[in-house]
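Trainee: I am new to this structure. Please take one part of it and go through its surroundings closely, then place it among the other side-chain contacts.

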Amino acid sequence: MSILHIEGFEQYAAQADLGYSYVLTGTGVWEISDDTPLGRGKSVKSNQPAVNHNGLIKPIRPVAQGQYVGSSFWLKMTTLPYAAFNRALVLFCEGNTIHAGIWINDGGYLVASRTTTDIAPYFSRPLLLNVWYHIEVRAKVDDTQGEVEIRVNGNTWGAVNGLDTRNGSTGVVDTVRLLPVNISTANRQGVFLADSWVIWDTQGNTNNSWIGDAEVMTVFPNADDALGSWVPNTGAAWDAINDAGSDGDTTFIASSTVDDEASFSLGALPVTPEKVLAVASQVVSRKTDSGARSISHGVVSGTEEALSDPASLGVSYAGDSAVFETDPDTGLPWTPAAVAAIKSKIKVAA
């Protein structure tokens with residue numbers, strides 16, 4: 001695998017929903033917005049509360065010291081950081097340890113960071129307010145050969161290398177933060193929007209380098225396919241699980257039978273893509289009885305399926321996501337036609 005995380009933000013309605021997918025700190029920080037780079041779907045908006053927060057924190061499969069890890073997303077600023085209070089765009093971390101990343105200063109100029117020390121601005125032009133940019137950052141954590149490189153709208157704006165980017169610990173990257181704020185004063189670090197967030201590394205045979213200005217599009221169930229013993233608490237099963245924002249126990253489907261499966265047809269993509277890098281599946285689920293329970297989820301393509309590893313369930317709702325870079329029906333990269341025909345699937349794994 002090379003793509004570690006895919007996010008389009010269409011499946012959320014409020015900050016509380018983001019908590020199913022991300023580790024969040026601070027309240028009143030995030031909104032879901034209709035303002036997007038391509039005029040469809042949703043984005044996430046970081047407000048200006050008087051609170052220090054660590055951004056959208058996404059744990060990922062660890063990337064070893066000396067290996068590249070990248071982050072691709074669309075960015076729009078409506079106000080800049082205030083008076084020398086730089087704003088982090090993306091940080092590559094080991095737990096709570098920040099190894100490297102990219103910041104933006106109060107003039108709109110991008111600034112690299114190695115460990116916790118900023119490097120002087122090395123880009124000749126600023127980002128402008130109220131303009132959507134595609135930002136892609138690649139970093140390597142290393143004691144002597146660390147690197148930070150950035151591309152804006154597909155063009156390389158600069159790179160620094162030969163650095164010590166390991167801020168202690170073991171040097172792996174196992175967490176990525178998007179748009180954190182490091183000052184607990186309102187109106188200091190700007191209002192920023194982000195969309196179509198992808199995290200990747202250089203392992204695997206596909207999607208193992210710069211991915212460019214990708215768009216993450218989200219579709220929801222729109223019809224039942226095969227339900228097994230899964231039953232909705234009200235109405236049609238597909239209609240109980242297609243919410244943009246989790247509604248808890250208001251609408252849900254349930255099964256207590258191990259290996260029980262349910263599949264659903266999906267709505268159409270808003271546009272037909274020229275190329276598909278990967279497909280992701282996401283669920284929000286919980287158990288209602290004692291004993292070990294787990295769920296698997298994924299997609300059905302043709303006569304074959306691809307399911308996630310079993311995710312253990314607790315008694316409170318939690319999210320789980322899985323990325324599939326190849327079509328299980330062919331073993332090859334996805335085609336737009338194959339994606340248009342896939343179904344979603346869930347399974348009681350244990």
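Mentor: Take Arg138 in this predicted model. Leaving aside neighbours within four places in sequence, Arg138 is in contact with Tyr68, Val69 and Gly70, with Glu147, Val148 and Glu149, and with Trp200 and Trp210. Arg138 itself is found in strand β10, which covers residues 133–140. Its relative accessibility is 16%, and because buried means under 20%, Arg138 counts as buried.

Two of these contacts can be described further. Arg138 lies over the face of Tyr68, at 3.9 Å from the ring centre. With Glu147, the side chain of Arg138 meets in a salt bridge, 3.8 Å from N to O. Glu147 also counts as buried, at 18% relative accessibility. The pair does not stand alone: Arg138, Lys140, Glu147, Glu149 and Arg151 are linked in a network of salt bridges.

A second arginine placed over a ring is Arg87. The charged end of Arg87 sits over the ring of Phe192, 4.8 Å from the ring centre.

Now the other charged pairs. A search of the whole structure finds 15 salt bridges. One of them joins Lys76 to Asp35, with the closest N and O atoms 2.7 Å apart. This pair links distant parts of the chain: Lys76 is in strand β5 (residues 68–79), Asp35 is in the loop between β2 (30–33) and β3 (43–46), and 41 residues separate them. Lys76 is buried, with a relative accessible area of 12%, whereas Asp35 is partly exposed, at 27%.

Another salt bridge is formed by the side chains of Glu215 and Arg40, at 2.9 Å from N to O. Here too distant parts of the chain are linked: Glu215 belongs to the loop between β14 (191–201) and β15 (221–226), Arg40 to the loop between β2 and β3, and the two are 175 residues apart. Glu215 counts as partly exposed at 25% relative accessibility, and Arg40 is partly exposed as well, at 28%.

Next, the aromatic rings. The whole structure holds 3 aromatic pairs. In one of them, the rings of Tyr22 and Trp197 have their centres 5.9 Å apart and their planes at 20°, so the pair is stacked. Tyr22 is in the loop between α1 (15–18) and β2, while Trp197 is in strand β14, 175 residues away. Both count as buried: Tyr22 has a relative accessibility of 4% and Trp197 one of 0%.

Last, the nonpolar side chains. In soluble globular proteins, nonpolar side chains tend to be buried together. The largest nonpolar core in this model has 47 residues. Those with the most contacts inside this core are Leu18, Leu56, Leu89, Leu110, Leu127, Ile135 and Ile150. Leu127 serves as an example: not counting residues up to four places away in sequence, Leu127 touches Leu75, Met77, Ile104, Gly108, Leu110, Tyr133, Ile135, Val152 and Trp157. Apart from this core lies another one, of 12 residues, among them Ile253, Phe264, Val283 and Ile346.

To return to the starting point, Arg138 is a buried residue that lies over the face of Tyr68 and belongs to a network of salt bridges with Lys140, Glu147, Glu149 and Arg151.

How values were computed:
Residues numbered from 1 in each chain as written. Predicted model: local features only at pLDDT ≥ 70, side-chain atom pairs only at ≥ 80, totals over all residues. Heavy atoms only, no water. Salt bridge = Lys/Arg side-chain N within 4 Å of Asp/Glu carboxyl O. Helix = DSSP H or I, 4+ residues; strand = E, 2+ residues; numbered from the N terminus. Buried < 20%, exposed > 50% of the residue type's maximum accessible area, 1.4 Å probe, protein only. Phe/Tyr/Trp six-rings, centres within 6.5 Å; stacked < 30°, edge-to-face > 60°. Lys NZ or Arg CZ within 6 Å of the ring centre and 35° of its normal. Core = buried A, V, L, I, M, F, W, Y, C linked by side-chain atoms within 4.5 Å. Contact = heavy atoms within 4.5 Å.
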